[in-house]
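Q: I have a structure open in front of me. Please show me how to read its features, step by step.

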Amino acid sequence: MKITFIPREKQHSEYDWADITYEGQPVGKARCKIENRSITIYSINIYTDWRNHGFGRKFVEYCQKNFRVVIADRVRPTAVGFWETMSFVNNNDGNWIYRS
């Protein structure tokens with residue numbers, strides 16, 4: 001799996017987008033903001049044909065290894081279990097946080 005961040009300045013966006021590929025095939029995108037050694041993840045979208053293969057989990061693991069603080073923004077109640085298994089803690093404001 002390869003993750004390529006496209007800086008917001010390059011695409012005239014307020015977000016840093018991550019292209020997620022596997023063996024040269026696009027499998028998804030993630031909408032984030034990178035600030036120094038911190039990343040906020042706003043959404044992870046794995047394309048339909050590639051779901052349930054662990055690409056979302058692998059993207060989060062990549063962020064955990066490469067950033068000191070990883071924030072999952074406004075976590076849906078149905079996704080809380082996922083973020084808990086990834087060692088994130090509830091910030092009590094809708095966000096879940098991982099600190100290395």
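Q: Is Glu35 buried, partly exposed or exposed?
A: This model is predicted. The general idea is to compare a residue's relative accessible area with two limits: under 20% is buried, over 50% is exposed, and the rest is partly exposed. Glu35 has 46% relative accessibility, so Glu35 counts as partly exposed.

Q: What does the side chain of Glu35 meet?
A: Side chains of opposite charge can pair when their charged atoms come close. Here Glu35 and Arg8 meet in a salt bridge, at 3.1 Å from N to O. This pair links distant parts of the chain. Glu35 is in strand S3 (residues 25–35), Arg8 is in helix H1 (residues 8–11), and the two are 27 residues apart.

Q: Which other side chain meets Arg8 in a salt bridge?
A: That of Asp16, at 2.9 Å from N to O. Check the surroundings too. Arg8 is buried, with a relative accessible area of 16%. Asp16 is also buried, at 6%.

Q: How many salt bridges does the whole structure have?
A: A search finds five. One of them joins Lys33 to Glu14, with the closest N and O atoms 3.9 Å apart. Lys33 lies in strand S3, while Glu14 lies in the loop between H1 and strand S2 (16–22). The pair therefore ties together parts that are 19 residues apart in sequence. Lys33 counts as partly exposed, at 22% relative accessibility.

Q: Which residues are joined into one network by shared partners?
A: Arg8, Asp16 and Glu35. Their salt bridges share partners.

Q: Where does the charged end of Lys33 sit?
A: A charge can also be placed relative to a ring. The charged end of Lys33 sits over the ring of Tyr15, 5.4 Å from the ring's centre. Now look at Lys58. Lys58 lies over the face of Phe55, at 5.6 Å from the ring centre.

Q: How many aromatic pairs does the structure hold?
A: It holds ten. To read a pair, take the distance between ring centres and the angle between planes; an angle over 60 degrees counts as edge-to-face. The rings of Phe5 and Phe67 have centres 6.3 Å apart and planes at 80°, so this pair is edge-to-face.

Q: Where do Phe5 and Phe67 lie?
A: Phe5 lies in strand S1 (residues 2–6). Phe67 lies in the loop between helix H2 (55–66) and strand S5 (69–72). The pair therefore ties together parts that are 62 residues apart in sequence. Phe5 counts as partly exposed, at 22% relative accessibility, whereas Phe67 is buried, at 8%.

Q: Why is the pair of Trp83 and Phe88 edge-to-face?
A: Apply the angle test again. The planes are at 70°, so the pair is edge-to-face, with ring centres 4.8 Å apart. Trp83 counts as buried, at 8% relative accessibility. Phe88 is buried as well, with a relative accessible area of 3%.

Q: Which residues form one aromatic cluster?
A: Phe5, Phe59, Tyr62 and Phe67. The pair of Phe5 and Phe67 from before belongs to this group.

Q: How many disulfides does the structure hold?
A: A disulfide is a covalent bond between the sulfur atoms of two cysteines. The structure holds zero disulfides. Cys32 is in none, and the nearest cysteine sulfur, that of Cys63, is 5.7 Å away.

Q: Why is there no bond at the sulfur of Cys63?
A: The closest cysteine sulfur, in Cys32, is 5.7 Å away, which is too far for a bond. Accessibility completes the picture. Cys32 counts as buried, at 0% relative accessibility. Cys63 likewise counts as buried, at 0%.

Q: How much space lies in the largest pocket?
A: To read a pocket, start with its volume, then turn to its lining. The largest pocket holds about 620 Å³ of space. The lining has 23 residues, and the closest to the pocket's centre are Ile44, Arg76, Ala79, Phe82 and Trp83. Trp83 is familiar from its edge-to-face pair with Phe88.

Q: Which elements each supply at least two residues of that lining?
A: Strand S4 (38–46), H2 and helix H3 (80–85). S4 gives the largest share of the lining, six residues.

Methods. Residues numbered from 1 in each chain as written. Heavy atoms only, no water. Phe/Tyr/Trp six-rings, centres within 6.5 Å; stacked < 30°, edge-to-face > 60°. Helix = DSSP H or I, 4+ residues; strand = E, 2+ residues; numbered from the N terminus. Buried < 20%, exposed > 50% of the residue type's maximum accessible area, 1.4 Å probe, protein only. Lys NZ or Arg CZ within 6 Å of the ring centre and 35° of its normal. Salt bridge = Lys/Arg side-chain N within 4 Å of Asp/Glu carboxyl O. Disulfide = S-S within 2.5 Å. 1 Å grid on protein atoms, 1.4 Å probe; cavity = no way out; pocket = protein on both sides within 12 Å on 5 of 7 lines; lining within 4 Å. Points joined across faces, edges and corners; volume = space filled by probe spheres on them.
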